[in-house]
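Subject: Structure handover

Dear colleague,

Please find below the structure that I promised to pass on, followed by my notes on what turned up in it. I would be glad if you could read the notes with the model open beside you.

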Amino acid sequence: MNRAMESDTLVIGGGVVGMSVAYGLARAGERVQLLDEGDDAYRAARGNFGLVWVQGKGLGQPDYTRWTLQAAAAWPEFAAELTQRTGVDLELAQPGGMTMCLDDAELSERGALLERLRDQLDAEYPFAVLGSAEVRRLIPETGPAVAGAVMSPLDGHVSPLRLLRSLVQAFHSLGGQLCAGTRIEAVEHQGGQFVVRAAGRSFAAGKIVLAAGLGNRVLAPLVGLRAPVEPSRGQILVTERVRPFLRYPTLYVRQTGEGVLQIGDSKEDVGLDDGTTLVQLSKIAARAARCFPLLDGVNIVRTWGALRVMSPDGFPIYQASSECPGAFVVTCHSGITLAPQHAGPLAGWIRGGLEPAPIRNFKAERFDVQKN
Amino acid sequence: MSTVSMTHDLIVIGAGPAGMAAAASAAALGLKTVLLDEQARMGGQIYRNVQACDPKVAALLGPDYTHGTTLTDAVNRTRLEVRTGALIWDVAPDLTVTGLQDRQAFQIRAPQIIAATGAMERPSPVPGWTLPGVLNAGAAQIALKSGGVVPQGRIVLAGAGPLLLLVACQLLDAGADVVGVVETSPGHNRVRALRHLPAALAAWPYLAKGLRMMMRLRKSGILWFAQAQALEIQGADCAQALVFQAGGRTQRVDADCVLLHHGVIPNTQLSRLLRVDHRWDDRQLAWQVVTDTFGQTSRPGLRVAGDGAAIGGALAAEASGALAALGAAHQLGRLTDDDFATRARPLHRSLARHLAIRPFLDELYRPPTWIVQPADATIVCRCEEVTAGRVREMARLGCVGPNQTKFFSRCGMGPCQGRICGSTVTQVLAAELDKSPNEVGAYRIRAPLKPIPLGALSALAVPASAHGPSAPHCAPPNVEKE
Amino acid sequence: MFRKIDGLAARPAVSLFFEDRSILAQEGDTIAIALMNAGARAFRETPLSGAARGPLCLMGVCFDCLVEVDGTPNVQACMVAVRDGMRVRLQHGARRFEGGT
């Protein structure tokens, strides 16, 4: 066995959550090592739709709404910084986003949801409920089946692919070490250090951050934490390149910088099965065709089934271990939207700084309370 | 969408020699069989258009080609449903087959499927290979078979393999202006191939044919270069010349059409979709499907026959298809164990006979490293215009396989769905990461097997649930994907 | 790019349009063969770089032979047989919607 490799922090998981945290730590001057699994691992980041989305988030949990609002506001600077470091254009656009509704009931239900969110937040929370004529003015290709849309000017989208790639490049350029194809075998806490055995090697660091998505469930107890996350499958259709026509990202259809249309989505409890099914794909296709009839003839080139990471209430778990000081679990569903927060305030907290106010409730103990 | 009930005993996908032999055998054994192919006619590529080929072209192509009519006749004689122009774009885990024919969706299902989707030409990524006027040698043969046409102007062929020589001969016979053949097999291939010569001698008709072709080409007076390296196709808007290293110096052959060929490799899209076991073969430098001698894969119900499992050639494919049909019939209880064994014996002998030449041919024509691991500036993903250098860069960034590489570089995300770039990407990554291709793996393949219009998918949705209270879009309000 | 070899049996003629030019083909020809017979080497420009591309494989694998057929973009020319009156156009980059940007 090789001599243990030393660093300030070990980050477990090379998806968008792990890479954002690792980048933030490296940016702050830490020596960071990141361990990531193999090519065929379940990777939520690869199945990511790419929305930077505010509307609809945080019902019953205004802190999450706040956390999301901060993230959306921080995105432009975050993207510019990554572009500056790596030359990668993240294709961030925040023109506002829409949730298309196919009947009046859906439209008023959605509008009411956002009103509740605004009320519970008791702060500025911009949105508009648009009728079909207004939607069509903004997106002429909207189909007659669309009754209207709820729009938030704060919503946008980014390329998950370019984001992850630029995070990896930036991490490398800051001296970060990425060990790919490495599966954790054991984690030990000895003498104020965390020692991880993986792929026949040994890694040691003063701090460890578990950002392994679904893998956190098994890893968290090893450092005195809990991460009761379950897989939730989302299926996505991806089309051929099309000349740009869809300026605004919508909840289920967005057009990427390459001109490709991404169409989603489903939420299925199927365990660790990332396969695609015609049942869901056809439903997704049918809904997209109702929103934008011109998509009917567009060719679907690829489909995705990605396992997203779901906590019991859908909100993140950000927790420091009291049993093993220096160990953290970081898990969430919205790794893209929250990326700037993970690289910024969250990494700062991990380094020993102040815990960001909005995340104080996101501990695993809350699930015990819910059970009673 | 409820489960599709069984419509047939056996579904055969692909109407080349393996598929036709499988379907005809199965039907003769009393199985309710359907034979599907995306092309307009049966025949696959090797027997492309054999039922309707012009007599003069057929005579030119000879008995090896016209032999295909014995298979098409056999199919037509049986009570076997044949659906051509049928694109199969999904095979589900429960083996439901979904297709598109005349713009109409259809779904069928059977307890046994034989995938006989055949081979494709190995890509030959060299600088300039994306220029108009550069085609695979097999493409020229397809054009001759199906359209009775040959490339205009000067033709140069480059690469390695029996098909290269065959196409050169056929084009000459058809009156085309073949100016040269540039062989790329490295010298050490011959040394390695000699080891297998004794076995190959048992299949002497193949060897004799090869020698005849070589002699024909030498006597024709065309330019001939051996052990060529560093192929490059030059031209402004289209191919105008082939430049390469041979005989210790730079050579240039002016041409209007460049035909490339480095052997054929199994088309594994369907077998990958169903996630059956594959193995990388280092001699053929290609993925093969792991099967038993009746085509049975690691997934019950799915058999793969012919070149789609491993390259063996057209006559081996016939035996392989017939064996797969036997296996299916036996599995379905339509054959006694004795009958099964009796029928299998001559087919296994035939298969062995036709495979005897393979080790020799595979070694002799094993592609050079610079073809399967191209130089940095060479495009490997034609659809997304991604170079080999970019793929290597992704490996250095931490990508350990083709799927991460695809995600980071878009390599493999175009309409060909990784068919052209897949094998090259696996080999480039393997070399860069110092791992075996088996460890590196291949692209994850999902439906649709070929691009289909969104409308073809939405047509399968059950109308009532396209939008309703239990529809997938009604997410819990506080949780959304992005 | 291609030419018919001499002395073949005649098949019924098919008349179609390629870039508004009337061309003749034979029944059973694929669009790819018909276009190559009419002298075309390049069928499209790629969406990414605008590079000219023509067929590579003629068997439906490479997707480089994409053309627009009767208004439908990105059709594999090697997989479709010619029909009288068919209107074929070069595929210029990514698919475009009528009246779109």
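In this predicted model, strand β1(B), helix α1 (residues 17–28) of chain B and strand β2(B) together form a β-α-β unit that is right-handed. The strands β1(B) and β2 (residues 33–37) of chain B are parallel and are paired through four bridges, with B:Ile13 standing opposite B:Leu36. Strand β1(B) is also joined in parallel, again by four bridges, to strand β7 (residues 112–115) of chain B, and there B:Ile13 has B:Ala115 opposite to it.

In a regular strand, the side chains alternate between the two faces of the sheet. In β1 (residues 10–13) of chain B, B:Leu10 and B:Val12 point one way while B:Ile11 and B:Ile13 point the other way, and all of them are buried. B:Leu10 and B:Val12 are also among the residues in contact with B:Ile114, whose other contacts beyond four places in sequence include B:Ala22, B:Arg303 and B:Ala328. B:Ile114 and B:Ala22 are two of the residues that touch the most other members of the largest nonpolar core, a set of 312 residues in which A:Ile12, A:Leu210 and A:Ala288 are likewise among those most in touch with other members. Helix α11 (residues 314–331) of chain B gives this core its largest share, 12 residues.

As for how chain B is divided, there are three domains: domain 1 (10–120 + 265–335), domain 2 (123–262) and domain 3 (373–440). The C-alpha centres of domain 1 and domain 2 of chain B are 29 Å apart, and eight residues of domain 1 are in contact with nine residues of domain 2. On the domain 1 side of that contact there are four nonpolar, two polar and two charged residues.

Turning to where the two chains meet, 60 residues of chain A are in contact with 44 residues of chain B. The elements giving two or more residues to the chain A side include α5 (160–173), β12 (230–241), α7 (278–291) and β15 (299–310) of chain A, and the largest share, 11 residues, comes from α7(A). By class, the chain A side consists of 24 nonpolar, 22 polar and 14 charged residues. Strand pairing also links the chains, since β15(A) and strand β24 (residues 452–453) of chain B are antiparallel and share two bridges, with A:Ile300 opposite B:Ile452.

One residue you may want to look at is B:Asp90, which lies in strand β4 (residues 86–91) of chain B. Is B:Asp90 buried or exposed? With 23 other C-beta atoms within 10 Å, B:Asp90 counts as buried, because the cut-off is 20 or more. Beyond its neighbours within four places in sequence, B:Asp90 is in contact with A:Leu278 of the other chain, as well as with B:Thr98, B:Ala447, B:Pro448 and B:Leu449.

Finally, in chain A, helix α8 (residues 339–350) is largely enclosed by the rest of the structure, because 10 of its 12 residues are buried. Among these buried residues are A:Pro340, A:His342, A:Leu346 and A:Ile350. The buried residues of α8(A) pack against α1 (16–27), α2 (62–86), α5, β11 (201–210), β16 (317–320) and β17 (327–331) of chain A. After α8(A) comes A:Gly352, which has a positive phi, near 110 degrees.

With best wishes

Definitions and conventions. Residues are numbered from 1 along each chain as its sequence is written. Chains are lettered from A and ligands numbered from 1 in the order in which they are written. This is a predicted model: local features need pLDDT of at least 70, side-chain atom pairs count only at pLDDT 80 or more; totals for chains, interfaces and linings use all residues. Two residues are in contact if their C-beta atoms, placed from the backbone, lie within 7 Å. Ala, Val, Leu, Ile, Met, Phe, Trp, Tyr, Cys and Pro count as nonpolar, Asp, Glu, Lys and Arg as charged, and the others, Gly among them, as polar. Two strands pair if DSSP finds at least two bridges between them. Domain bounds come from an automatic or database domain assignment. A nonpolar core is a set of buried Ala, Val, Leu, Ile, Met, Phe, Trp, Tyr and Cys residues joined through C-beta atoms within 7 Å. A crossover is right-handed if, with the strands pointing away from the viewer, the path from the first strand over the helix to the second runs clockwise.
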